Amino acid sequence: MNEEALFGNELLHRPRRELAPGATWVPGWLEAHQQRWLVDRFHEWASGPVPLRSARVGGHRMSVKTVCLGWHWRPYAYTRDAVDVNGNRVLEVPDWMVRLGRMAVSEATGDPAAGAAYTPDTALVNYYDDAAHMGMHQDRDERSRAPVVSLSIGDTCRFRFGNTEHRNRPYEDIELASGDLFVFGGAARLAYHGVTQVLPGTAPAGCGLGSGRINITLRETGLSG
Ligand code: SIN
Ligand code: MN
């Protein structure tokens, strides 16, 4: 590994930042070896009981492909079985992922008690190819209003983070890069957000993904059963 990779100064230009009360961006939170390990897990999940699929929303299919853990998400419901794919039950949320979510909430909020209280029971794992995007939406299929933890790996994307009222301005565009953490909870929990663009060819060497972007969101559904 060269000195630039070990002690680069790119984080000087991408400091952590609160975009709105409850919404915190922590660039470069995951180290390269953690990103590579998560990419390996992604390949396992994608070849698990439920394959990656593009969810159908209204009359069209999303450009993003998704595989879920814990609970299977489809618009606008969570079920244990992937009823709109092959009917199989999704994989469990592993213990390490709950720990990862707790560390993320603790890091973003600066409140270890908030981290300890967080127990994500679902992970939505999205794969974006060069052309994929995600329209402005709220994450509101969960009964719990615990924070959403978002982890990005691979190509950088333009992420749009808006207000809680509607999908229009005011919003802010930021670039989520490989390893970045974004947490939105509290007053920002129901903010509209989306991915306007993936920037092909921007995945850093060593992240484990040659092209495209993986986004993992951890959530508490507030559901039981
Ligand atoms: C999502 O809104 O569920 C995913 C956001 C992202 O891909 O960064
Ligand atoms: Mn979302």
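Select the manganese ion, ligand 2, in this predicted model. Three side chains coordinate the manganese ion at 2.2 Å: H137 through NE2, D139 through OD, and H193 through NE2. Display these three residues as sticks and label the donor atoms.

Now look at where the donors fall along the chain. Their spacing is H-x1-D-x53-H. D139 sits in the loop between strand 9 and strand 10 (148-154), while H193 belongs to strand 14; this pair links distant parts of the chain, 54 residues apart.

Next, select ligand 1. Which residues surround ligand 1? Show N126, Y128, M134, H137 and F159, then add H193, V195, R213, N215 and R219. Two names return from the previous stop: H137 and H193 appear in the shell of ligand 1 and are also donors to the manganese ion.

Colour that shell by class. Four of its residues are nonpolar, four are polar and two are charged.

Keep ligand 1 on screen and turn to its oxygen atoms. With the distance tool, go through three side chains:

- H137: an N or O atom of its side chain is 3.1 Å from an oxygen atom of ligand 1.
- R213: here the distance from a side-chain N or O atom to an oxygen atom of ligand 1 is 2.8 Å.
- R219: a polar side-chain atom lies 3.2 Å from an oxygen atom of ligand 1.

Switch to a surface view. On its own, ligand 1 has 260 Å² of accessible area, and the protein covers 96% of this. The space that ligand 1 takes up is the second largest pocket.

Go back to the cartoon and select the strands around ligand 1. Strand 8 (122-128), strand 9 (134-137), strand 14 (193-198) and strand 15 (213-219) are the elements that each give two or more residues to the shell. Which of the elements provides the largest share? Strand 15 does, with three residues.

The last stops are two peptide bonds. Select P75 and Y76: the bond from P75 to Y76 is cis, with omega near 5°. Y76 lies in the loop between strand 6 (72-74) and strand 7 (77-79). Then select R169 and P170, which are joined by a cis peptide bond with omega about 5°. P170 is in the loop between strand 11 (157-161) and strand 12 (172-176). For comparison, most peptide bonds are trans.

Notes. Residues numbered from 1 in each chain as written. Chains lettered and ligands numbered in written order. Predicted model: local features only at pLDDT ≥ 70, side-chain atom pairs only at ≥ 80, totals over all residues. Heavy atoms only, no water. Near = heavy atom within 4 Å. Polar contact = N/O pair within 3.5 Å; in protein donor to acceptor, adjacent residues only side chain to side chain. Areas by Shrake-Rupley, 256 points an atom, 1.4 Å probe, with all protein chains shown as cover. 1 Å grid on protein atoms, 1.4 Å probe; cavity = no way out; pocket = protein on both sides within 12 Å on 5 of 7 lines; lining within 4 Å. Sits in = over half its atoms within 2 Å of the grid points. Helix = DSSP H or I, 4+ residues; strand = E, 2+ residues; numbered from the N terminus. Nonpolar A, V, L, I, M, F, W, Y, C, P; charged D, E, K, R; others polar. Donors = N, O, S within 2.8 Å, 3.2 Å for Na, K, Ca; no water.
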